[in-house]
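Please open the model in a viewer and keep the selection tool at hand. The tour below proceeds by selections, each followed by an account of what is found there.

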Amino acid sequence: MPYSAYPDLWEYLLHTSKHIVMYGMGNGADKILAVADAKGITVEDFFASDGFVRGHSFHGKRVLSFSEAKEKYGADNMIVLLSFASSLPDVMENILRIAAECELYAPDVPVFGDNLFDAAFYAAHKSEFDQARALLADRESMRIFDLIISYKLTGDLKYLTLAQNDPDESFMRILPSSTFETVVDLGAYNGDSARALAPYAPALKTLYALEPDARNHRKLCAYADQESRFSVIPLQCAAWSEDTVLCFDASGNRNAGAAQNTSAVLQPRTTKIKEVQARSVDALLDGKHCDYIKFDVEGSEEQALLGCRQTIAAYTPALLVSCYHRSEDLYALPHLVHELCPLYKLYLRRFCYFPAWDVNLYAIHEIPVDKI
């Protein structure tokens, strides 16, 4: 059915007669609570998994266990808002068990940026979403695209359980991994994505790994030292459109990124800020060949793509671009990649995660057989 027929989660929460409780604490909970407060939605309590209940408080309330929340409000008379992210199978199974007992939603709040993905946001950008969907190269990409929008509007996890792909398919059927010799990994973290790629890239010789966070970079260097099959060049810098210095969230977590001038509603916590060197891929490679670039740069994907313009024009490397950090990513990044190189075929895939994280756009330049 058309997206306009889906209920807007925030409107539903505003008018429900049920008690609203939040599952989880931390930055995600802060963001959801801030949006709820701004919209006049009351969250009555917080609960955690049994192993995390230690008598502590969150936003002035004692954190309950799930059983305490059910006893207080009744399983049929409360709405649970999931407020943390996970891809761990046992954690996701527990979330689904709670969803089987209570009405549960996972509100979509952006990792970065000010734009909340609600019905008004979708309506304002409907034409851009339609154009982005039309750029996708196969039915599976369009199916994933549709399910992600359905989830973002409703917060209903059933759409995410349907929108899952096997990572092996991406490495074996979408990316020409076996041909990669030179790779650039933007947002390399501790080398996890390089490790995931390595079994599918037997020809790999050189991998440039950019990671701005100091703690993560130390782990990346340890991985580079022990990798013997190919050369890993760890660089402590952020990916950007040009060589410059940026203010950086140095909190040391996986989602650390360039500090943004964001609203207090969606970014309520003060972060630890440091200056960090930023590089463009074009300046880094200085005209050298590249086969593949991975972009997972915590909301800076647009700027990082702009820093690859010359490399893309010269070599059309395969691209993997994360499309979930900002609400506009789902339409803006396909548009930008197409603008940079209309020859690319675009594919959208999503790996197992609650909420809608690990959404990846793949850009592949498939050379016609008669041109080889």
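Begin with helices α6 and α15 of this predicted model, where α6 passes α15 in a left-handed crossing. Select residues 126-135 for α6 and residues 329-340 for α15; the two helices pack at an angle of about 55 degrees, and their axes are 8 Å apart. That angle makes α6 oblique to α15. To display the contact, show the side chains of Glu-128, Phe-129, Gln-131, Ala-132 and Leu-135 in α6, together with Leu-330, Tyr-331, Pro-334, His-335 and His-338 in α15. Sorted by class, this contact has 6 nonpolar, 3 polar and 1 charged residues.

Keep α6 selected and add helix α7, residues 139-154. How do α6 and α7 cross, and at what angle? Their axes come within 9 Å and cross at roughly 155 degrees, which makes α6 roughly antiparallel to α7. The crossing of these two helices is right-handed. On the α6 side, select Phe-129, Ala-132 and Arg-133; they meet Met-142, Phe-145, Asp-146 and Ile-149 of α7. The residues of this contact comprise 5 nonpolar, no polar and 2 charged. Phe-129 and Ala-132 belong to the contact with α7, and Phe-129 and Ala-132 are also listed in the contact with α15.

The next stop is the interior. In soluble globular proteins, nonpolar side chains tend to be buried together. Which residues have the most contacts inside the largest nonpolar core? Select Leu-186 and Leu-319, which hold that place in a core of 72 residues. Helix α7 gives the most to this core, with 7 residues. Now centre the view on Leu-319 and display its partners: leaving aside neighbours within four places in sequence, Leu-319 is in contact with Leu-175, Tyr-292, Ile-293, Phe-295, Leu-305, Ile-312, Val-337, Tyr-344, Leu-361, Tyr-362 and Ala-363. A second, separate core has 25 residues; to locate it, select Ile-174, Ala-188, Leu-320 and Ile-364, which are among its members.

Move next to the loop between β16 (345-350) and β17 (359-364), where Pro-355 is placed. Select Phe-354 with Pro-355: the peptide bond that joins them is cis, with omega about 0 degrees.

Tyr-353 is in the loop between β16 and β17 as well. Is Tyr-353 buried or exposed? Its relative accessible area is 17%, so Tyr-353 counts as buried, the cut-off being under 20%. Show its surroundings by selecting Ala-85, Ser-86, Ser-87, Met-92, Leu-160 and Asp-358, which Tyr-353 touches when residues up to four places away in sequence are not counted. Then draw a distance between the C-alpha atoms of Tyr-353 and Leu-88: these residues are 265 apart along the chain, and the separation is 8.0 Å.

From Tyr-353, proceed to Asp-358, one of the residues that Tyr-353 touches. Asp-358 has its place in the loop between β16 and β17 and is partly exposed, with a relative accessible area of 24%. Its phi is near 55 degrees, a positive value in a residue other than glycine.

For the last selection, go to His-59, in the loop between β3 (57-58) and β4 (61-62). His-59 has a positive phi of about 50 degrees, although it is not a glycine.

Definitions and conventions. Residues are numbered from 1 along each chain as its sequence is written. This is a predicted model: local features need pLDDT of at least 70, side-chain atom pairs count only at pLDDT 80 or more; totals for chains, interfaces and linings use all residues. Side-chain values use heavy atoms; hydrogens and water are left out. Axes are lines fitted to C-alpha atoms, for helices over the stretch in contact, and angles run from 0 to 180 degrees between N-to-C directions. Helices (H or I, at least four residues) and strands (E, at least two) are DSSP runs, numbered from the N terminus. Angles under 35 degrees count as roughly parallel, over 145 as roughly antiparallel, 65 to 115 as roughly perpendicular and the rest as oblique. A crossing is left-handed if the near helix is turned anticlockwise from the far one by less than a right angle, and right-handed if clockwise. Contact means heavy atoms within 4.5 Å. Ala, Val, Leu, Ile, Met, Phe, Trp, Tyr, Cys and Pro count as nonpolar, Asp, Glu, Lys and Arg as charged, and the others, Gly among them, as polar. A nonpolar core is a set of buried Ala, Val, Leu, Ile, Met, Phe, Trp, Tyr and Cys residues joined through side-chain atoms within 4.5 Å. Buried means under 20% relative accessible area, exposed over 50%, partly exposed in between (1.4 Å probe, protein chains only).
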